[in-house]
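Biologist: Could you take me through one part of this model closely, the sheet and whatever sits around it? Keep it relaxed, but walk me through it piece by piece.

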Amino acid sequence: MLAITDTAAEAIRTLTTDAELPDGGGLRISAPDPEQGLELSLAGRPDNDDVVLSGDGVSVFLEPVVAQVLDDKVLDVQPVAGPDGGQELRFAIGVQDRPEA
């Protein structure tokens with residue numbers, strides 16, 4: 001299952017609050033064109049077939065195919081250089097750490 005870092009959860013909470021989404025709203029991750037990558041958007045509610053991850057006061061809605069692709073991944077927020085030379089925060093997908101046997 002997709003893991004969500006505390007930093008990503010805080011970013012999602014801020015985005016959904018600022019957008020004044022209804023209770024139960026959250027971040028939706030979809031793949032309208034899988035060759036173009038993933039699309040993140042805010043949604044007031046999940047689609048009927050979405051996989052819903054919730055906890056720590058945030059909800060993430062995943063299209064079924066996206067849920068499969070991200071099953072062993074982690075959603076995080078990382079700083080990147082912005083066009084003006086400053087730093088911006090962006091969502092990033094990484095690989096979950098595996099416990100050693």
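Modeller: Sure, and keep in mind that this is a predicted model. The sheet is open and has four strands, in the order S3-S2-S5-S4, and the pairing is mixed. Strands of a sheet pair through backbone hydrogen bonds, and they can do that either parallel or antiparallel. At the edges you'll find S3 (39-43) and S4 (51-55); each has a single partner strand, so one side of each is left without a neighbour in the sheet. On average, neighbouring strands here are turned by 25 degrees against each other, if you ignore direction.

Now zoom in on S2 and S3. S2 covers residues 26-30 and runs antiparallel to S3, with five bridges joining the two. Within that pairing, isoleucine 29 stands opposite leucine 40 of S3. Helix H1, residues 6-18, packs on the sheet and touches S2, S3 and S5 (58-62). The direction of H1 makes about 95 degrees with that of S5.

Serine 30 also belongs to S2. Its relative accessibility is 4%, and buried means under 20%, so serine 30 counts as buried. Leaving out residues up to four places away in sequence, serine 30 touches Gly37, Leu38, Glu39, Glu63 and Val66.

Next, the open space. The largest pocket has a volume of about 150 Å³. Its lining consists of Arg13, Thr16, Thr17, Leu21, Pro22, Asp23, Gly24, Gly25, Gly57, Val58 and Ser59. H1 and S5 are the elements that give two or more residues to that lining, and H1 gives the most, with three. By type, the lining residues split into six polar, three nonpolar and two charged.

Finally, two loop residues have backbone angles to look at. Most residues other than glycine have a negative phi. Glutamate 20, however, has a positive phi, near 55 degrees. Glutamate 20 sits in the loop between H1 and S2, and at 71% relative accessibility it counts as exposed, because the cut-off for that is over 50%. Aspartate 56 isn't a glycine either, and its phi is positive at about 55 degrees. You'll find aspartate 56 in the loop between S4 and S5. With 61% relative accessibility, aspartate 56 counts as exposed too.

Technical notes
Residues are numbered from 1 along each chain as its sequence is written. This is a predicted model: local features need pLDDT of at least 70, side-chain atom pairs count only at pLDDT 80 or more; totals for chains, interfaces and linings use all residues. Side-chain values use heavy atoms; hydrogens and water are left out. Two strands pair if DSSP finds at least two bridges between them. Axes are lines fitted to C-alpha atoms, for helices over the stretch in contact, and angles run from 0 to 180 degrees between N-to-C directions. Contact means heavy atoms within 4.5 Å. On a 1 Å grid over the protein atoms alone, a cavity is a set of points where a 1.4 Å probe fits but cannot get out, and a pocket is an open set with protein on both sides within 12 Å along at least five of seven lines; lining residues have an atom within 4 Å of a point. Grid points are joined across faces, edges and corners, and a volume is the space filled by probe spheres set on the points. Ala, Val, Leu, Ile, Met, Phe, Trp, Tyr, Cys and Pro count as nonpolar, Asp, Glu, Lys and Arg as charged, and the others, Gly among them, as polar. Buried means under 20% relative accessible area, exposed over 50%, partly exposed in between (1.4 Å probe, protein chains only).
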